[in-house]
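Please open the model in a viewer and keep the selection panel at hand. The tour begins with the whole chain and then proceeds through pairs of packed helices.

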Amino acid sequence: MTSARGGTARADHRILVVDFGAQYAQLIARRVREADVYSEIVPHDLDAADFAAREPSGIVFSGGPASVHVEGAPRVDPGVYELGVPILGICYGAQLIALQRGGGVGPNERGEYGRTELRVTEPGLLLADAGIGDQQVWMSHFDAITEPPTGAIVTASSPDAPVAAFEAPDRGLYGVQFHPEVHHTPCGQALISRFVHEVCACPGDWTMASVVESSVNAIRDRVGSDRAICGLSGGVDSAVAAALVHRAIGPQLTCVFVDTGLMRAGEADQVVEAFQRSQGIELIHVRAAERFLGLLAGLTDPEEKRKAIGEAFIRIFEETAGGITDARFLVQGTLYPDVIESGTRDAARIKSHHNVGGLPEDMDFDLVEPLRNLFKDEVRAVGLELGLPAEIVWRQPFPGPGLAVRIVGEVTAEAVATVRAADLIVRQEVERADLGREVWQAFAVLADIRSVGVMGDERTYARPVIVRAVTSEDAMTADWARLPHDLLEAISGRIIGEVPGVNRVVYDVTSKPPGTIEWE
């Protein structure tokens, strides 16, 4: 498999986020981007020359799961500190700065986890907006900094972190034991903004308009005069990727919409309307429901389902490309949360995504993934910038494998019809309650169990439907949505009354983590 990932071109000013194995390293990068500054994630084992070659305006060390004292704990090349580039350490990153630059780190009698009161004693630059006094922050650590780096002043402490924040402006070193990237730290975004704007002198000119412009240029450079095909799934990600690549190379792009038979109610027709008729993009509509159901027959393991679907997509694209002259590139709407959940060098695999971990090794395409480094909210903003219709841009996220991963157990035509009908009711009722924009995703899952019920004075033994609704900003974390009880009652009543083979409805009250948004 060859990869040619055309995407966002590098900005004039950039912040490097060093990944020490934290699942939320990308969340730090997202907060930097919210300050209108471009950010990139890099592995911790780059040498100083590699860092310098990327010409960063600033560097952020992420948190991480290890103790700085354990054997094999991740480090950075000490030469990074000599580059003259400001460095902000967060949690593990702050401890590493202290350990490597003359301070001290030791174990505490107890750790600090969750909401914690921070006592700001000397605001310095980063906490200037917070002022002297107590602030609520989010902690997650056991070790603590006992001595700040040489030449640094302590600006804040907490009950179990004597050095909860430090600054050494003359040395370009800053550190916080808490997590400013999470919303549970109210002063966090202001702190990150001060670091990138005032310490790193970044102007804040990375906007969605600039993303579109730089991405278009990068795609043109990558694709040249070759042809590309884009696999449309019906979701916002592939739609925006297609529109962005079409902006770059125009008629060199052909979109292939593979109708797997696993989409939500009415979406196949919406895709054809939006792209073939409204956007004027060449579209090939491949009807392959029977093929996908045949490949999924007998499969119950979600990883096997994803890989089967991923390979089938690619094979259909290859077959379709036979009729397209010089189709060298395959465009996909891969986002960063897809990549991080499928596993990177420093983050464990949570689940493979059919367009990441599920791709076959013997592909005949080079990949173009222009959204690979963007979050969902950024993708939507790019879609609006490109002029895509609102019904496409604001469509609820939908997994690439479709309803196959919302059916626990074997995927059959009957199961697909059941979960599709239940899903439509969930979405209709959420929209009717005017909660469509407040809820990140709301959908139905068909469980592979049976329960006894009574319907029409007769015993039933049928499958339950699980209703899942979450709130989120970026899909990296999510909280279960507190839907009104009358809304849940309406959903339950309609599903049981209108969907054959269902006699019970339950509501999922699990957040992410520990769960994922999708069930499989």
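**The whole chain**

Of the chain's 520 residues, 59% count as buried, where buried means under 20% relative accessible area with a 1.4 Å probe and protein chains only. This is a predicted model, in which local features need pLDDT of at least 70 and side-chain atom pairs count only at pLDDT 80 or more, while totals for chains, interfaces and linings use all residues. Residues are numbered from 1 along each chain as its sequence is written, and side-chain values use heavy atoms, leaving out hydrogens and water.

Colour the chain by secondary structure: 14 helices and 20 strands appear. These are DSSP runs numbered from the N terminus (helices H or I, at least four residues; strands E, at least two). Among contacts (heavy atoms within 4.5 Å) between residues at least 6 apart in sequence, 74% join residues at least 24 apart. A surface display corresponds to about 20,500 Å² of exposed area, 48% of it supplied by carbon and sulfur atoms; the area comes from the Shrake-Rupley method with a 1.4 Å probe.

**Helix 11 with helix 5**

Select residues 208-223, which form helix 5, together with helix 11. Their axes lie 9 Å apart at an angle of about 80 degrees; axes are lines fitted to C-alpha atoms over the stretch in contact, and angles run from 0 to 180 degrees between N-to-C directions. The two helices are therefore roughly perpendicular (65 to 115 degrees; under 35 is roughly parallel, over 145 roughly antiparallel, the rest oblique). Helix 5 contributes Met208, Ala209, Val211 and Val212 to the contact, and helix 11 contributes Glu378, Ala381, Val382, Glu385 and Leu386.

**Helix 11 with helix 6**

Keep helix 11 (residues 376-386) and add helix 6 (residues 236-249): the pair packs at about 45 degrees, with axes 10 Å apart. Helix 6 is therefore oblique to helix 11. Residues to display in this contact include Val240, Ala243 and Leu244 of helix 6 and Val379, Val382 and Leu386 of helix 11.

**Helices 13 and 14**

Now select residues 413-432 (helix 13) and residues 485-498 (helix 14). How do the axes of helix 13 and helix 14 cross? They come within 10 Å and cross at roughly 150 degrees, and the helices are therefore roughly antiparallel. Among the contacting residues are Ile425, Val426 and Val430 of helix 13 and Leu487, Ile491 and Ile495 of helix 14.

How values were computed
Buried < 20%, exposed > 50% of the residue type's maximum accessible area, 1.4 Å probe, protein only.
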